[in-house]
Amino acid sequence: MSVYLDHNSTTSLRPEVRARWNELLDAGLANASSVHAPGRAARAVVDEARERVAAALGVPEAWVVFTSCGTESNNAALRGVLAAAGPGAGLVVGATEHASVLEPARALAAAGRPLALAPVDGAGVLDVAATLDLAGRPECALLATMAANNEVGAGAPLAALAEGLAALGARRPAWHVDAVQALGRLPLDLAGLGVDFASLSAHKVGGPLGVGILVRDPRRAWLPQLVGGEQEGGARAGTENAPALGAAALAIELAVREREGYVARVGALARELWEALRARTDVRLVGPALDDPQRLCNTLNLRFPGVRGHALVARLDLEGLCASVGSACSSGALEPSHVLLAMGAHEEDARAALRLSLGRETTHKDIHTAVDTLVKTTHALRSA
Ligand code: PLP
């Protein structure tokens with residue numbers, strides 16, 4: 001039996017979400033833009049999904065745009081704001097953002113848009129004063145900050161950023177928050193914080209692959225990036241996948257509703273894993289301290305000195321333990337993690353990272369098996 005500790009990459013479909021999806025697949029739904037009865041039935045499913053997502057996130061329904069994934073939502077936010085901004089306008093993004101923010105930002109920079117990276121501290125937490133200094137510059141049209149980092153679990157100081165941004169008055173840029181990893185794990189008051197754009201992804205919380213959300217305050221200047229039909233109020237063209245949206249809405253609703261129980265249970269398991277490992281092997285925890293309430297409770301970024309992350313992940317896979325070196329989007333690359341480098345790690349240390357991310361269905365038995373496997377495997381690699 002394998003142990004899956006890679007929930008930041010993706011999670012398995014929740015049984016109740018699968019049941020809802022199957023029910024909708026069997027409901028004979030047609031194209032939600034068609035005027036006939038099966039078309040209207042699909043429209044009702046899409047409308048209800050939007051209503052439920054909006055209620056779960058505490059934002060108006062008109063702010064919810066369905067997309068295909070978190071990556072699309074991040075691209076849409078960055079490219080859409082800059083497309084609506086005047087020439088010379090640029091952006092500021094956190095140095096440890098996911099590739100789906102950093103790459104569009106770099107593409108915009110290559111096309112002539114000024115780009116600045118906001119620094120983080122040694123635990124991966126965004127430097128608020130430096131970020132606000134960059135965000136307040138006249139050329140900054142958009143600030144993009146992640147709510148929580150996928151590799152080390154550092155949460156962003158969103159309240160302090162919100163306050164600092166509000167104090168910029170007329171110089172305040174639009175604010176995009178990648179909340180893909182924070183959903184169901186950290187409290188998220190997007191409207192209360194004054195966030196203008198946010199990204200979410202259903203497959204990170206037991207929902208189907210292929211459904212993302214772009215939260216968008218329509219009062220902010222923005223241009224759609226996928227054009228064609230008038231779906232999503234013109235914000236994102238393409239026939240809606242009504243059954244998947246219905247299933248995704250349920251997964252998001254459950255993730256928000258069950259967040260406190262998830263944090264208590266999964267956080268305790270993560271601590272148990274860490275304590276057991278620490279007692280039996282030479283291991284370092286990278287990122288924020290385990291008792292930091294703003295961190296992702298399920299994410300452990302570990303370093304076993306002298307052991308390369310890629311070699312370890314391959315060996316663990318043979319032993320039936322699914323882990324990763326960092327982001328799944330870059331785990332094929334042998335480059336050291338840009339997140340760890342931005343946190344000030346030496347290249348060698350940045351190559352030694354192992355990310356374990358626990359999930360809703362992780363058990364005590366999984367933790368004990370994982371610890372035994374890690375002790376055995378790191379010992380074997382060190383003596384090789
Ligand atoms: N943002 C963060 C912080 C992520 O961790 C991920 C996925 O790992 C994404 C964005 C991209 O989401 P998706 O896989 O839905 O494209």
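Two strands count as paired if DSSP finds at least two bridges between them. In this predicted model, strand β3 (residues 90-94) and strand β5 (residues 140-146) are joined by four bridges and pair in the parallel sense. Within β3, V92 stands opposite L143 of β5.

Both strands belong to an open sheet of seven strands, ordered β2-β8-β7-β6-β5-β3-β4, with mixed pairing. The edges are formed by β2 (64-67) and β4 (115-118), each of which pairs on one side only. From one strand to the next, the twist averages 20°.

Two helices are described against this sheet. Helix α2 lies across β2, β7 (197-201) and β8 (212-216). Helix α6 packs on the sheet and touches β5 and β6 (174-178). Their extents and directions are listed below.

| Helix | Residues | Strands contacted or crossed | Angle |
|---|---|---|---|
| α2 | residues 37-57 | β2, β7, β8 | about 120° to β2 |
| α6 | residues 158-166 | β5, β6 | about 170° with β6 |

The cysteines remain to be considered. How many disulfides does the model contain? The count comes to zero, where a disulfide requires a pair of cysteine sulfur atoms within 2.5 Å. For C297, the closest cysteine sulfur is that of C322, and because the two sulfurs are 20 Å apart, they are too far from each other for a bond. Is C297 buried or exposed? C297 counts as buried, because its relative accessibility is 12% and the limit for buried is under 20%. C322, in contrast, is partly exposed, with a relative accessible area of 24%.

Notes: Residues numbered from 1 in each chain as written. Predicted model: local features only at pLDDT ≥ 70, side-chain atom pairs only at ≥ 80, totals over all residues. Heavy atoms only, no water. Axes fitted to C-alpha atoms, helices over the stretch in contact; angles between N-to-C directions. Contact = heavy atoms within 4.5 Å. Buried < 20%, exposed > 50% of the residue type's maximum accessible area, 1.4 Å probe, protein only.
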